[in-house]
Amino acid sequence: MSQQLNIRAESVGILSMSSKQSSSQNWKSISAVPQPSLGRRGMRGNMGAPIEKARDRKGTLKRLWKYFRNEWRYVLLLCVTIILGVTMGVMAPRFQAEGIDRIKNSEPGSLKRVLILMLTAYVIYGLSTLLQGFISAKLSQRVIFRLRGDLFCKITNLPISYIDNHSHGDIMSRMTNDAENIASIVSSSLSSLLSGMLMLVGTIAMMLSYSPLLTMLSCSTVMLTVLFTTNITGYMRKYFVRRQKLLGKLNGTVEEMVTNTRTVTAYNRQEAEVRGFSETADELTKTGIIAEIIGGSMGPVMNMLSNVSFVVVAVFGARFALRGDISIGVISAFIIYAKQFSRPINELAQLYGQIQTALAGGERIFEILDEKEEDKSGGSIVQPVKGVIEFRNVNFSYVPGKPVIRNFSLKVSSGKKIALVGSTGSGKTTIINLLMRFYHVDSGEILLDGKSIYDISTDELRDAIGIVLQDTVLFTDTIRNNLCYASRDITQEELDEAAVSSHCDDLIANLTNGYDTVLESSGSNLSQGQRQLLTICRAFLSKPSILILDEATSSVDTRTEMCIQDAMTELMKQRTSLIIAHRLSTIQDADEIIVMDHGEIVESGNHEELLAKKGRYHDLYMTQFAGQET
Amino acid sequence: MLKFLKKYWWIGLIGSLFMVGEVLIDLIQPKMMAQIVDEGILKGNEGLVWSVGIRMILVVFLGGCCGILSGVFVNICSQHFGNDLRKALFHRIMNFSFEQIDDFTVGSLITRTTSDVTQVQNMVSQLIRGAVRCMMFFIAGSSFLLSLNVAFSRVLMFTLPIILLEIAFVVWKSGPLFTLLQKRLDRVNSVIGENVASERVVKAFVQEKSEIEKFRQSNRDLADSRFQVQLLISWMRPVMNIVLNTATVTIIYIGGMEVEARRMEIGSLMAAITYLSQILSGMMMMAMIFQTITLGVASSKRIKEVLASVPVIQDGKEGNIEKRGGSIEFKNVSFTYPGHHHEVLKDISFTVAPGQTLAIIGATGSGKSTLVSLIPRFYDVTEGRVLVDGEDVKNFTLHELRDRISFALQKSEMFSGSIEHNIMIGNPEATEDEMISAAKVAQAHEFILCQPDSYDTPVAEAGMSLSGGQKQRIAISRALLRPAEILILDDSTSALDLGTEARLFKALRGDYEKMTKIIIAQRIATVMRADRIAVMDKGRIVGMGTHKELMNSCDVYREIYDSQLRKGGAKV
């Protein structure tokens, strides 16, 4: 009778493991896009991976429970079916004992009735587990869907400063790994854990009713199992942690070397890298063998211990039967009960680590959910927006005590073209961050059309501004959807026109499906220059009142840039525009050039005036053309 | 693949033998149990109960030892196998040409070397342990059961097909379901990834709501998929239970009649119940073995693909070609990227004499980078010839050819480790002084000294704090450290500010006079000092000469000049 009820745990374990394993890889492949750094926190969900503990387990559980409470109908239904199932599960061996005793006492007439009862009990038991499976699948589907949705909503509503101050890898890990860990624990083992616990109680009660002494004896070996598992998992963890580290290192090496293959090849480093890789691989194998041998002996040892309990039941059961304390049928029932009793305990021992990890992940998820959302409040602004921008004595620092913008005042009248120049770190991009309300000023005021931007809702403020950023951000979607990002109701004519004026038309015409070509992994199949052209076209199409270009054409060659410039001059005619550029040739025709240094304005004026001043701008200009003269 | 297993097959064999032992012992126990019941309890022989009990305990321990030892051997076998496989894969990948790496994609090569190997490794150990265990339970278990009483064969005949059908059904259904689940999980994760990386744009275009809507759809798909999988799994256990338990009831029924007819004892009946569940659970194990095998076979296919790809670019035959100061010659070179139709380079011919500097300028996509990547044979020409030191590059061994060339790439690639390590990749034998002087020329020394541990600062950590320009300067230091005849800078100064760039080239002219140099750049100011400038447009060289000559003769060059220096340039 050994495995009777024990089969599911293993087989399902394997089925769900395969999906989990690949999910962690999959996380990695994604994380490689936004953040190619090597220190990553992936692979948390794997078997035998280091277990982390949640700091506030109770609080985390409580908050998770809230998600279940909303589905109380399903929870209730689940509980009812579990109770029904467990009752049948503990009753059935009782009927079996009776049946065997009838056979022994040669009462074949009443045997049939007992067998029918037994069959009924088993069928109901089977049906109730089926129902449990369905209900918990539905329940977990709903819970996880909501949890993921909440998390995503939160991410899009977090202030930029949160994203800037946390590594993308970390946020990704929370959104993907941690959520996935919870999802898999909830969907695969929630109902089996619940029913296991009840089964434990029911079984003990049944066993006690037959023979308290035999109960104690057979429980003792189970206790032995528990002792063994908890001890060995602690010991095992050490090796698994080390193996995990080595595996991470190995994966890191592969990733790094394959990504950097050009350098590796150009510098004839292949053999050296293969040697390094082999060393790690050998070490991994050594550790892996030890870890797996220890981990792998869990199975045989548990099997052995359960066989010991089989022997104990057989031998002592026989002794009690000989003394007439119990019947033979009871021995056969006890063999089943001993299994039923140890199953949930073993399962819990096996799942313990996974549950801990999931809880720790849950805690991290709730940490994000508790973050303060971006302040989007504010009223509306008079349309059409004129585009008068004013900075009044603005001070700002990302880190307290390290001012980035000092006493910055600037007035831009409607329709003017303003350029910000200065060396890296002079605060140009920060000005844009403040104007977009990505960050909040420490002191001072920023006004749009005479109204403080903090009195304008972020939606309206940002709608009025079109921006082309330093990092060219594109989405894995069609070219069309990327270009029409700001609004979906753009006509084909408008689209064509924008593509021509931003010089995207050739590029798009060369793609296999034109506008409907899907960009792979955020457009990584395009060159930097091509990506910039597309983002410029996107800004064209958003028809803003104010246009901001932050190093928008830095990767486009100068000839193409010049063409785009001509188009942009057209585009910027009616609009206020702010331009940040490295290449001074880009901004020579600006109405006003602001030279910044360490967060302050050091010079301003148009190109001719500034050159005549022979100040900072003149220096910059001369270095630009260093090598031409002298 | 079998080739890799050859070395370790006998270890695996020992492992499976131990597994046979463990199963046999599991199967002997119910028999002993039957003996206790039939000869001990029914006949009132307590002495026998104890002696059989002690024998059982001994047997149980023996079984445990077999199980552990089987694990030991199987692990040694499968992990060594996996290790060899992994190393062979990495070795092969390291010798791939770029086109091959591009074809496979970096991501897929990483998965193939890591998780695919693990998957195959799992398959091997599962085959040795699981399959043997499963077969033994089935074959030996059935014969043990039938040896008790042939009448039980009827039960087996009914239950086995049902279980087999169920397993087949689940295996058949789960494959595509899991693939779909994985795809949808990928989709959800990629939407998240993009949003985290692009939050500025999402916010700037006020698209939070539409992104949430987009995510909702993917999230809904994922949840549905997971639900399907859960449903499928939910069927397995109850059906199995009902079949098993019905069989148990039948066994008791048949056994009851047999006991009545005095053809068997009651202890044997109890043993029969145990055998039945052992056989059926052995069958159930097949479900997961199939799963592992399916995954393993898919993985091994992917691995074989890599191992079967022979590096496209092979060594030339001649070694020790005389060094002649690093001359470069292109003779009527045309080039099309493998698998593409668009000709990237068209009939390119030019020579660079030893010690000369050639600058290349031209629009994005005009073929500059492609041109220089033909020199160290990153790709092979489609037509024409490339010569280095007067010899066709195809005649060199790759090692020798690339040793003569120092290449700073367009995208500066950084390795984990210190800044020093990153520079020393150029020449691992260089002294510290040499390294520092290379860094000085590359204008990197000063900013490196400002790092927390100067040259020992780890790059991985600094990865985020190092700016593009700083990385480029480290990459240039690396290139300068290399004792090569030819130096190629592939637009590798684009992120430097103009002053720094000017200083770099000034230092380069002084200290690295003898090297033949090819410099790709976007800015006129960078190239105008070169001995000669090649102007590229749409895959052709449309002008070649000094700055002055080109200003007079080449329209494209003049346009570029105007685009950069127009208006202001003339007034300075």
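# A colleague's note on a two-chain model

1. Let's start inside chain B. Strand 7 of chain B, residues 486-490, has five of its five residues buried, so this strand is largely enclosed by the rest of the structure. Please keep in mind as you read that this is a predicted model.

2. Now look at the two faces of that strand. In a regular strand the side chains alternate between the two faces of the sheet. In strand 7 of chain B, Ile486(B), Ile488(B) and Asp490(B) sit on one side, Leu487(B) and Leu489(B) sit on the other, and all of these are buried, with both faces covered.

3. Which strands pair with strand 7 of chain B? One is strand 6 of chain B (residues 405-408), which runs parallel to strand 7 and is joined to it by four bridges. Here Ile405(B) is found opposite Ile486(B). Another is strand 8 of chain B (residues 516-520), also paired in the parallel sense, over five bridges. The partner of Ile486(B) in strand 8 of chain B is Thr516(B). To get from strand 7 to strand 8, the chain passes through helix 17 of chain B, and this β-α-β crossover is right-handed.

4. Helix 17 of chain B deserves a pause of its own. This helix covers residues 498-511, which is 14 residues, and its first and last C-alpha atoms are 20 Å apart, close to the 20 Å expected at 1.5 Å a residue. Its buried residues are Leu498(B), Thr500(B), Glu501(B), Ala502(B), Leu504(B), Phe505(B) and Leu508(B). Try picking them out on the structure as you follow the helix along.

5. Chain B also has an open sheet of four strands, in the order 2-1-4-5, with antiparallel pairing. Which strands lie at the edges of this sheet? They are strand 2 (343-352) and strand 5 (391-392) of chain B, each of which pairs on one side only. Further in, strand 1 (residues 328-336) and strand 4 (residues 383-388) of chain B are antiparallel and share five bridges. Within that pair, Lys331(B) faces Arg385(B).

6. On the edge strand 2 of chain B you will find Phe350(B). Is this residue buried, exposed or partly exposed? Phe350(B) has 16 C-beta neighbours inside 10 Å, so it counts as partly exposed. Setting aside neighbours within four places in sequence, Phe350(B) is in contact with Phe330(B), Ala534(B), Ile541(B) and Met544(B). By contrast, Gln119(B), 231 residues away along the chain, has its C-alpha 52 Å from that of Phe350(B).

7. Turning to chain A, we find 19 helices and 10 strands. Of its 630 residues, 51% count as buried. Among contacts between residues at least 6 apart in sequence, 80% link residues at least 24 apart.

8. Strand 1 of chain A (residues 389-396) has partners that you can trace by eye. Strand 2 of chain A (residues 405-412) runs antiparallel to strand 1, with five bridges between them, and Ile389(A) is matched there with Val412(A). Strand 4 of chain A (residues 443-448) is also antiparallel to strand 1, again over five bridges. In strand 4, the bridge partner of Phe391(A) is Ile446(A).

9. Some backbone details are worth checking. Gln383(A) and Pro384(A) are joined by a cis peptide bond, with omega about -5°. Pro384(A) lies in the loop between helix 10 (328-369) and strand 1 of chain A. Arg437(A) is not a glycine, yet has a positive phi of about 60°; its place is the loop between helix 11 (428-435) and strand 4 of chain A. Arg262(B) likewise has a positive phi of about 60° without being a glycine, and lies in the loop between helix 8 and helix 9 (266-308) of chain B.

10. Why does one of these arginines count as buried? Arg437(A) has 24 C-beta neighbours inside 10 Å, and so counts as buried. Arg262(B) has 7 such neighbours inside 10 Å, and therefore counts as exposed.

11. Finally, the domains and the chain contact. Chain A is assigned domain 1 (1-34 + 47-208 + 355-371), domain 2 (212-325) and domain 3 (389-624). The C-alpha centres of domain 2 and domain 3 of chain A are 56 Å apart. Where the chains meet, 152 residues of chain A and 148 residues of chain B take part. On the chain B side, helix 8 (residues 208-260) gives the largest share, 30 residues. That side has 70 nonpolar, 53 polar and 25 charged residues.

Notes:
Residues are numbered from 1 along each chain as its sequence is written. Chains are lettered from A and ligands numbered from 1 in the order in which they are written. Two strands pair if DSSP finds at least two bridges between them. Helices (H or I, at least four residues) and strands (E, at least two) are DSSP runs, numbered from the N terminus. Two residues are in contact if their C-beta atoms, placed from the backbone, lie within 7 Å. Ala, Val, Leu, Ile, Met, Phe, Trp, Tyr, Cys and Pro count as nonpolar, Asp, Glu, Lys and Arg as charged, and the others, Gly among them, as polar. Domain bounds come from an automatic or database domain assignment. The expected span of a helix is 1.5 Å times one less than its number of residues. A residue is buried if 20 or more other C-beta atoms lie within 10 Å of its own, exposed if 12 or fewer, and partly exposed in between; C-beta atoms are placed from the backbone. A crossover is right-handed if, with the strands pointing away from the viewer, the path from the first strand over the helix to the second runs clockwise.
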